[in-house]
Amino acid sequence: MSFLNLGIVAHVDAGKTSLTERLLYAGGVIDALGSVDAGSTQTDSLELERRRGITIKTAVASFPLRDVTVNLIDTPGHPDFIAEVERAVRVLDGAVLVVSAVEGVQAQTRVLMRTLRRSRVPTLVFVNKIDRAGARADGLLRDLAAKLSDRIIAVSTADRLGTPSAGARPALDDARLVELADDDELLAAFVRDERSLPYRRILAERTRTGDLHPVFFGSAVTGAGVEALLDGIVDLLPTASGDPGGAVSGTVFKVERDPAGARVAYVRMFAGTLRARDRLPTGTVTALDRPALTAGAIGRVHGLRDVRIGDPVGVAPPGTDRQLFAPPTLSTVVVPRDPGERHALHTALAELSDQDPLIALRRDGDELSVSLYGEVQKEVIETTLAEQYGIAVRFLDTSTIHIERPCGTGRAGATMGQDGNPYWATVDLEISPGDGFAFALDVPIEQVPIHVFRTEPFFREALEAAVRTTLATGPRGWAVHDIRVVVTRTGFLAPLTTAADFRKLVPLVLMDALRSAGTVVCEPIHRFRLDGPITALGTMLGALGRFGAAPDSTALQGDEYVIRGRIPAARLRELEQALPGLTHGEGVLESAFDSYRANPPHHGTGSPTSLAAK
């Protein structure tokens, strides 16, 4: 049996969950169709998902399709939950991007398509809601080509568009396929005898490589066009590859808790076979939802007590350490309404952070803060804490997350028994600007406390863990990024030295080195695209400066303009709120994280003290 791990992705309200429900119904998994409006869909299982009618957590359901087991992965459409989408994209063999025939290409549609293409995920496009008033076909195809990819090709068309009886029928443009294939031999064969070419095979080959994106028309509500989409999923998308007899290699893309509170990991296997009682660094597998988890499969794994989202299972699959979407740029402080529940709140937020590491729980004294993509995510956290943990909370004002970067090279050290060093350990280190995070241990083997750490790699891992923890809060109160740290000298006294001596000394020395180098605070910058009526161009250009935005280019497209530029993340919300008034309600703003830029604000003092202050 082959596996196909299929993602369903879309801008919120394009009909993604309704399509998922229709596919599960067609696959025989459910006996009756659920409704998003009624809160009865199979994949939206959280109570808040049912109430809000949106997907918040990635859901997985399986069904057989011919000789293929399709693992259907329903992802959130709201941009506040883009982290869930990122984790799903890493485990996909193919995807269906759902676009509303009425609303057309929306901001999140573009973000998702760019990500799928960048990740080389073969993607079909399903134009949904052809039965709705205002549905478009030809004009929408032009929008898809202009705004998503010029590699799209329609394989069906809609009849009685915009009526309850709308249907879909096959309509592959053979000449367009040959043109997009861009192959001289195919073109020559087409000119000689266009009936001789295997168009379906050509389409499948180019789709499986991610070169072409077939477009299907239909309606998830009525079922129109869904059978053709099911055929396209099997015929045009690749099944999972991987050697079941190879070394175990997989990744954890979701973590839940069972009724007893134990962690349950959702694992995509890329190679090898995982069985009960297999030992992994995060624990021993105690149970699976099937006899064995083989290459290509997705399954629920019990017993991995320390597992977190993103952890490898066995050998790390290539590319799973890349971040596809930008990190959250907003932060808020969470306060229990009952001060006596502060400890319970910390425990609950720690569990939520295990399920979603990008929440990035931070503690500064009694203050607990989390990272966010947007205000809707805040509501989800509040509801989850109330309904799952019985803790009522309130949030302080949302602020923008900055980072720190080292300004130059800094060195610091502490020698055992000297200058007020209270620990049975010696540490010297050097920091310098870097690209991302890099750590190295550059000491002779005789400086490694084997009596504590057994081997040099274990010692290096312990020091790196202490360094990473310290860098979460730099001298100016923000996380330190883009840094290289090299430990150049260590020392110990057996048998008095313990692991705790190094764990406590490293933060003090590292903070001294950071202060020696100096750090600069940097604010997040978003790149944006702004579309609007040409009659409002002058007003818009004049207003952008008030929001700290810097246009990079301005182009005219018919009776509309397109402005591209950059804006501080902290000012983006203001621009969004002002946009309708500046563009007569016709403006469309898309934005995505771009980079960090030096900025002077400070943020608290929640960093370790220096050794000199001890």
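**Exercise 1. Work out how strands E5 and E9 pair, and place them in their sheet.**

Solution. Start with the pair itself: strand E5 (residues 123-128) and strand E9 (residues 213-217) run parallel and share 3 bridges. Strands here are DSSP runs of type E with at least two residues, and helices are H or I runs of at least four, numbered from the N terminus; two strands pair if DSSP finds at least two bridges between them. Next, pick out one bridge: Val125 is partnered by Val215 in E9. Then widen the view to the open sheet of 7 strands, whose order is E2-E3-E1-E4-E5-E9-E6, with mixed pairing. Its edges are strand E2 (59-65) and strand E6 (152-154), each paired on one side only.

A word on the ground rules: this is a predicted model, where local features need pLDDT of at least 70 and side-chain atom pairs pLDDT 80 or more, while totals for chains, interfaces and linings use all residues. Residues are numbered from 1 along each chain as its sequence is written, and side-chain values use heavy atoms, without hydrogens and water.

**Exercise 2. Describe the surroundings of Leu141.**

Solution. First locate Leu141: it lies in helix H5 (residues 138-147). With a relative accessible area of 19%, Leu141 is buried (under 20%; exposed is over 50%, partly exposed in between, with a 1.4 Å probe and protein chains only). Now list its contacts (heavy atoms within 4.5 Å): leaving out residues up to four places away in sequence, Leu141 touches Ile152, Ala154, Val215 and Phe217.

**Exercise 3. Find out why Cys407 has no bond to Cys522.**

Solution. Recall the cut-off: a disulfide needs two cysteine sulfur atoms within 2.5 Å. The closest cysteine sulfur to that of Cys407 is in Cys522, 8.5 Å away, so it is too far for a bond. The whole-structure search gives 0 disulfides.
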